Amino acid sequence: MTRFDHAVLERLDEVMAAHVEHDDVGGVAWLADCGDDVEVGVRGVVTRGEPDPVRRDSIFRVASMTKPIVAVAALLLVEECTIRLDDPVDALLPELADRQVLVDGRGPIDGDTVPARRPITLHDVLTFRLGLGMDFAGPWPQPLIAAMGELELGSGAPEPQLPPAPDEWMHRLSTLPLLYHPGERWLYNTGADVLGVLVARAAGKPLDEVLRERVFDPLGMGDTGFVTTDTDRLGSCYTTDPETGERSVFDAATGQWAKAPAFPSGAGGLVSTLDDMHAFGRMLLAGGRASDGSRLASRASVEAMTTDQIGATRGACGPSPDGSQGWGFGVGVQVRRVGLGPTVGSYGWAGGLGTSWGNDPDHDLVGVVLTTDAFVSAFPPPAVIQDFWTSAYAALDEG
């Protein structure tokens, strides 16, 4: 049975405190759960220059950690046979029917095109192989990302008040060609926004209502949503210029998450807390059951979601430059262990505005770390994120 060595785990608090003292982050909250031995810590303040400390119930912008939550909602609809993994999305997303595909996926957005070989399926959307998105292996700047920015579709860090309502968002997206044929290549981010629209249309109600009814309320995730009025608990989010090191406020406490968005982004729109994300992670680790024993999702859905679906072990392009991660449904899946970190079969995802969550079934481990400061780059993640995971794994003990 795996448990924490608490003498070793004490170093985690010291390391997190050092990151705050050195001003790497303004504030940080973390949770490590090994076999229901739950360790929680907080350091710093929610907004620099103000006295409000980070607390266990502080709210953070979890950005791309939204993706697995929306994937779960989609799988619940699959279980009910409302939608099917291998069906074309044309009926629910007619804007994506009869696609044209660029001959050169890294060429200009107005380059030569050919008809798509087949329709886009729900499986393509869930696995980010619908032909739209950010190419992690491609050069910068990327024409599609620039075009999406011009159309205010959301192409960089989350900006909830920028994109139009879902129908208009889909209309604008439909004016762009696919970069690759459906199923051909993993591309990041856009698939999750498309999935959010699909889930809402399939359920016949807005995405925020679907998530509230189907995921948040059953799991007791009362502080998770696309908007919060509790801005004292939210605080500010900061970005750092990678060239100059200059820090600036990306979003103030009363900024973009203080008002409901026109477009609830399935790619990065949620705010949440340590305990809410822990409840979500623990549900997946329990094979789809909530803490009270009730079943939210089937074991089959959880197993499919957390299995590499893109063939990363066979060389398919995935989320990690070193090929150590594949992709399931809304989560990165570890296919090769690197260093002291997650074992093969672990899964989770990070949020570029300063957060990370992961499950390691081999050790019955759930980890969540939430900070006030956005990533400067995804690879490698900031030292505060790396140090959380290193410390959590170093504290694991058999006994």
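**Helix H11 and the nonpolar cores**

Me: How far apart are the end C-alpha atoms of helix H11 (residues 383–394), given 1.5 Å a residue?

Reply: This is a predicted model, with residues numbered from 1 along each chain, local features needing pLDDT of at least 70 and side-chain atom pairs pLDDT 80 or more, while totals for chains, interfaces and linings use all residues. Side-chain values use heavy atoms, without hydrogens and water. Helices (DSSP runs of H or I, at least four residues) and strands (E, at least two) are numbered from the N terminus, and the expected span is 1.5 Å times one less than the number of residues. H11 has 12 residues and should therefore span 16 Å, which agrees with its end C-alpha atoms being apart by 16 Å.

Me: Which strands and helix do the buried residues of H11 pack against?

Reply: Buried (under 20% relative accessible area, 1.4 Å probe, protein chains only) describes Val 384, Ile 385, Phe 388, Trp 389, Ser 391, Ala 392 and Tyr 393 in H11. Their partners, by contact (heavy atoms within 4.5 Å), are helix H1 and strands E1, E2, E13, E14 and E15.

Me: Which helix gives the largest share of the largest nonpolar core?

Reply: A nonpolar core joins buried Ala, Val, Leu, Ile, Met, Phe, Trp, Tyr and Cys residues through side-chain atoms within 4.5 Å. The largest has 77 residues, and Ile 69, Leu 173, Val 215, Phe 280, Leu 284 and Trp 357 touch the most other members. Its largest share, 10 residues, comes from helix H2.

Me: Which residue of H11, Ile 385 or another, is included in the second, separate core?

Reply: This core has 20 residues, including Val 25, Cys 34 and Val 369. From H11, where it is buried, the core includes Ile 385.

Conventions:
Buried means under 20% relative accessible area, exposed over 50%, partly exposed in between (1.4 Å probe, protein chains only).
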